[in-house]
Amino acid sequence: MFQFLVLSPTMKKEAISAIENLLATPKKIVIIPHRSPDGDAMGSTLALYHFLLKLNHKPVVISPNDFPNFLAWLPSSETVLIYENDRDNCTKIINETELVFTLDFNALHRTGEMEQVLNKLSVPVIMIDHHQKPDSYATFTYSNTAIGSTCEMIYNFISFLDKKNLIDKTIATCIYTGITTDSGSFRFPSTTSTTHRIVAELIDLGIENSEIHYSLFDDNSYNRLQLLGRALQNMKVYPQYKTSYSTLSQNELDTFGYEKGDTEGIVNYGLSIKGIHFAAIFIEHRDENIIKISFRSHGTFDVNQFAREHFNGGGHINAAGGKSYGTMKATISKFEDLISKIII
């Protein structure tokens, strides 16, 4: 049995010492992001991957499923193994590992099919995450919901180990990617003065911040822009409820050649409307028989709680996700009924 230690908001000295002992000798290490990894998940896992290489470990990043094309430029992204594409090999690597890091999620069901494999492990697990209500599966848990990104926590983690001197341009690039994406390009409330001081250090290390921003947000395909246009055409606005939402059907995704990541950030357009404090987008995925939902809010309206209570999801106060197993029509009907009864 493991001793479960919740280390929040900063890691305790005895835990840091124990982790230093774990990392003192070369090990086979598996690093895992959540299913459908975003910029913060991929940035944090690859930053940690490069850091562990410098400590002479043998790290492997295994993602539950594929990551978006707009993140494929990240350093060593080509080394990431995709569990859905190679279950047998990935399972073998996981079973032979000596240490596991889980990054940017705090419940094993966020790994999809990998959960069954991970539940059988008897090796130490280190969780680093900034979402609310972490589960207690890890040996060491570094959890802090006040920090805007897991990448910022990876910077802290390296600092806790007194190894900040090992952060080079490559690691800095990965960290900056996650901070940028999860902060909404530094505009979300979780962006602090500490965040900016860390970013200043990363820029001093030589990262090409303008190029990173271009790769993340401006390197669009024609089809992606057409899909955005359709989502905007489908948008409904309810000023009396301070709410907007949009929809994309499977047929619309197919029409515009949808690729993973093409709908990233569309929900924010609804939130940019004057007087709107709550926005959502509902996206049909027939292969999974679900409606995937993204929620965003301004101010004090807690979309994490809303998603948890009504749409099988969760996340942060101002940014969360959910899913519905009903039809698009039934899901929208439920959502419209809910917003008519709550105060935003």
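In which handedness of crossing does H2 pass H5? The crossing is right-handed. The legends below describe close-up views of a predicted model.

**View 1. Helix H2 packs along helix H5.**
H2 spans residues 39–54. Its axis comes within 8 Å of the H5 axis, and the two cross at roughly 20 degrees. Angles under 35 degrees count as roughly parallel, so H2 and H5 are roughly parallel to each other. H2 passes H5 in a right-handed crossing. From H2, the contact uses Asp40, Gly43, Ser44, Ala47, Leu48 and Phe51. From H5, Thr150, Cys151, Ile154, Phe157 and Ile158 take part. By class, the residues of this contact divide into 7 nonpolar, 3 polar and 1 charged.

**View 2. Helix H5 meets helix H7 at a steep angle of about 70 degrees.**
H5 covers residues 150–160 and H7 covers residues 193–204. Their axes lie 11 Å apart. The angle makes H5 roughly perpendicular to H7. Here the crossing is left-handed. Glu152, Tyr155 and Asn156 are the H5 residues that meet H7. Their counterparts in H7 are Thr194, Thr195, Ile198 and Glu201. This contact of H5 with H7 has 2 nonpolar, 3 polar and 2 charged residues.

**View 3. Helix H5 is largely enclosed by the rest of the structure.**
How many of the 11 residues of H5 are buried? The count is 9, so H5 is largely enclosed. The buried residues are Thr150, Cys151, Glu152, Met153, Ile154, Tyr155, Asn156, Phe157 and Ile158. Among them, Thr150, Cys151, Ile154, Phe157 and Ile158 also touch H2. Glu152, Tyr155 and Asn156 meet H7. Asp162 follows H5 and has a positive phi, near 60 degrees.

**View 4. Strand E6 is mostly covered.**
E6 runs over residues 125–129, and 5 of its 5 residues are buried. In a regular strand the side chains alternate between the two faces of the sheet. In E6, Val125, Met127 and Asp129 point one way. Ile126 and Ile128 point the other way. Residues in both sets are buried. Strand E5 (residues 99–103) pairs with E6 in the parallel sense over 4 bridges. Strand E7 (residues 140–143) also pairs with E6 in the parallel sense, over 4 bridges. Met127 links to both neighbours: Thr102 stands opposite Met127, and Thr141 in E7 is the bridge partner of Met127.

**View 5. An open sheet of 6 strands has mixed pairing.**
The strand order is E8-E9-E10-E11-E13-E12. Which are the edge strands? They are E8 (236–238) and E12 (314–315), and each pairs on one side only. Inside the sheet, E9 (residues 243–248) and E10 pair in the parallel sense over 6 bridges. One of the bridge pairs joins Leu248 to Ile283 in E10. Helix H13 (residues 328–339) packs on this sheet. H13 touches E8, E9, E10, E11 and E13 (319–324). The direction of H13 makes about 165 degrees with that of E10.

**View 6. Phe295 sits in strand E11.**
E11 spans residues 290–297. Is Phe295 buried or exposed? Phe295 is buried, because its relative accessible area is 0% and buried means under 20%. Phe295 and Gly315 are 20 residues apart in sequence. In space, their C-alpha atoms are 9.3 Å apart.

**View 7. Phe186 and Asn289 are loop residues with positive phi.**
Most residues other than glycine have a negative phi. Phe186 is not a glycine, yet its phi is positive, about 75 degrees. Phe186 is found in the loop between helix H6 (169–182) and H7. Its relative accessible area is 24%, so Phe186 is partly exposed. Asn289 also has a positive phi, near 55 degrees. Asn289 lies in the loop between strand E10 (278–285) and E11. Asn289 counts as exposed because its relative accessibility is 59%, and exposed means over 50%.

Conventions:
Residues are numbered from 1 along each chain as its sequence is written. This is a predicted model: local features need pLDDT of at least 70, side-chain atom pairs count only at pLDDT 80 or more; totals for chains, interfaces and linings use all residues. Side-chain values use heavy atoms; hydrogens and water are left out. Buried means under 20% relative accessible area, exposed over 50%, partly exposed in between (1.4 Å probe, protein chains only). Axes are lines fitted to C-alpha atoms, for helices over the stretch in contact, and angles run from 0 to 180 degrees between N-to-C directions. Angles under 35 degrees count as roughly parallel, over 145 as roughly antiparallel, 65 to 115 as roughly perpendicular and the rest as oblique. A crossing is left-handed if the near helix is turned anticlockwise from the far one by less than a right angle, and right-handed if clockwise. Contact means heavy atoms within 4.5 Å. Ala, Val, Leu, Ile, Met, Phe, Trp, Tyr, Cys and Pro count as nonpolar, Asp, Glu, Lys and Arg as charged, and the others, Gly among them, as polar. Two strands pair if DSSP finds at least two bridges between them.
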